[in-house]
Structure formats: structure tokens, C-alpha cells
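Please open the structure in your viewer and keep the selection tool at hand. The tour below proceeds stop by stop, stating what to select and what is found there.

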Amino acid sequence: MADAFNDKRLTGSKTERYAELADEIAAVLDGEPNLTARMATVAAMLAATFEHYFWTGFYVVDPDKPRELVVGPYQGTLGCLRIAFGRGVCGTAAETGTVQLVPDVHAFPGHIACDSRSASEIVVPIFDASGALIAVFDVDSEAKAAFDEADVRGLATILRRVFAGEACGRA
Ligand code: SME
């Protein structure tokens with residue numbers, strides 16, 4: 001399964017690639033309940049598919065500190081370990097429970113620069129079946145304004161499909 005995906009190059013429009021990837025991810029994760037394995041697989045497959053992704057990964061709500069995010073599985077350069085709710089782009093997504101689409105991170109108040117090459121960013125909150133926030137998914141790009149509504153829709157669809165019904169900390 002991994003071999004088949006690693007040999008593959010998805011083509012087509014961004015929207016088409018997100019749709020195709022959603023099916024690929026669901027097929028790879030079929031029957032795998034471990035939350036860390038699911039997050040690592042999503043990060044790896046998305047990072048391998050899109051050239052505009054520079055840092056791709058999860059910040060998970062710390063079960064011991066419910067207003068703090070701790071880094072989870074990711075692909076890219078060394079990320080910050082912890083982010084308080086309300087701080088930076090990820091912390092704002094966690095605090096508000098809303099998608100953050102940021103065309104210029106350097107203009108975002110309180111942006112946390114883990115790697116100064118990051119120029120734009122999208123952060124999508126992830127909820128469990130009860131509606132509780134379990135994590136945020138963060139993608140950074142080296143280009144300004146690299147993300148648009150097609151990324152929001154594509155990511156939201158994939159993340160909802162992969163994490164619906166998950167509960168944080170049980171993996
Ligand atoms: N830029 C993020 C911090 C996380 S990293 O980019 C990996 C933020 O401001 O939330």
C-alpha cells in the first residue's frame with residue numbers, strides 16, 4: 001500500500017488532487033485506529049502531494065494542560081514544541097475553533113516563527129464526535145498567499161473523514 005502511493009504522482013487541479021488524496025488516505029488508514037499513526041500518515045501523504053506545503057503537521061491538545069497545544073506528527077523543519085491557546089495562528093485556531101487562512105504570517109499579530117521561511121499558513125481545527133477540540137492541523141508555505149478556499153475545503157474534507165469520532169489521548 002505505502003509502496004504504491006510512494007510511486008504515484010497525483011496530477012490534476014488542486015481540488016482534484018485533494019479529492020483523490022482523500023480516497024487514498026482512507027484506503028491506507030482502513031482498519032487502523034491508532035491516532036498517532038493516523039496523524040503521521042495524513043501529514044506524510046499531504047506533504048508528498050503538494051509542492052506548496054513547507055511544514056505540514058499537527059498540534060494536539062495536551063490532555064494534561066487543556067489550554068495548551070503540543071506538537072504531534074509532522075513533516076518539515078523542526079517545529080516549536082508547545083503553543084498556548086490564543087497565541088499565534090495555531091493558538092488562535094484552537095481558541096476560536098475556526099479555520100485560519102493567513103496570506104502573510106508576518107502581518108499576523110503574535111505569529112510564532114518556528115522557521116522564518118514560513119510566509120503563509122492555513123490552520124484547521126479538528127474536533128471529536130462530541131464536538132471537543134482534539135488538535136489543529138497546520139500547513140505553512142514559503143510563498144505568500146499560497147493557500148485559498150480550495151485548500152480549506154480539501155483539508156476540511158480529509159480531516160473530517162479521518163478524525164470523525166476520534167478521542168484525544170486514547171491512542
Ligand atoms: N506558525 C505557527 C507556529 C507553528 S509552526 O509554524 C510549525 C503559528 O503561529 O501558530
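Against which helices do the buried residues of α2 pack? They pack against α1 (2-6), α3 (35-49) and α5, where contact means heavy atoms within 4.5 Å. Before proceeding, note that this is a predicted model, in which local features need pLDDT of at least 70 and side-chain atom pairs count only at pLDDT 80 or more, while totals for chains, interfaces and linings use all residues. Residues are numbered from 1 along each chain as its sequence is written, and side-chain values use heavy atoms, with hydrogens and water left out.

**First stop: helix α2**

Select residues 14-29, which form helix α2. Helices (H or I, at least four residues) and strands (E, at least two) are DSSP runs, numbered from the N terminus. The buried residues of α2 are Lys-14, Arg-17, Tyr-18, Leu-21, Ala-22, Glu-24, Ile-25 and Leu-29. Here buried means under 20% relative accessible area, exposed means over 50%, and partly exposed lies in between (1.4 Å probe, protein chains only).

Now display the C-alpha atoms at the two ends of α2; they are 22 Å apart, which agrees with the 22 Å that its 16 residues should span at 1.5 Å a residue. The expected span of a helix is 1.5 Å times one less than its number of residues. After α2 comes Gly-31, which has a positive phi, near 85 degrees.

**Second stop: the salt bridges**

Return to Lys-14 and add Asp-151 to the selection: their side chains form a salt bridge, at 2.6 Å from N to O. Asp-151 belongs to helix α5 (residues 149-163) and Lys-14 to helix α2, so that the pair links distant parts of the chain, 137 residues apart. Both residues are buried. A salt bridge is a side-chain nitrogen of Lys or Arg within 4 Å of a carboxyl oxygen of Asp or Glu, and the structure holds 10 of them.

Next, select Asp-62 and Arg-82, a salt bridge in which the closest N and O atoms are 2.8 Å apart. Asp-62 lies in strand β1 (residues 55-62) and Arg-82 in strand β3 (residues 82-84), so the bridge ties together parts that are 20 residues apart in sequence. Asp-62 is buried at 7% relative accessibility, whereas Arg-82 is partly exposed at 40%. Add Lys-65 and Glu-68 to the view: with Asp-62 and Arg-82, these residues are linked in a network of salt bridges.

Then select Asp-104 and Lys-144, whose side chains meet in a salt bridge at 3.6 Å, N to O. Asp-104 is in the loop between β4 (100-102) and β5 (120-127), and Lys-144 is in the loop between β6 (133-141) and α5, 40 residues away. Asp-104 is partly exposed at 23% relative accessibility, and Lys-144 is exposed at 55%.

**Final stop: the cysteines**

Select Cys-80 and Cys-114, which form a disulfide with sulfur atoms 2.0 Å apart. A disulfide is counted for a pair of cysteine sulfur atoms within 2.5 Å, and the count comes to one. Cys-80 lies in the loop between β2 (65-75) and β3, and Cys-114 in the loop between β4 and β5, so the bond ties together parts that are 34 residues apart in sequence. The torsion about the S-S bond is about -125 degrees, so the disulfide is left-handed. Cys-114 is partly exposed, at 34% relative accessible area.

Why is the sulfur of Cys-90 not bonded to that of Cys-114? Select Cys-90: its sulfur is 7.7 Å from the closest cysteine sulfur, in Cys-114, which is too far for a bond. Cys-90 is buried, with a relative accessible area of 4%.
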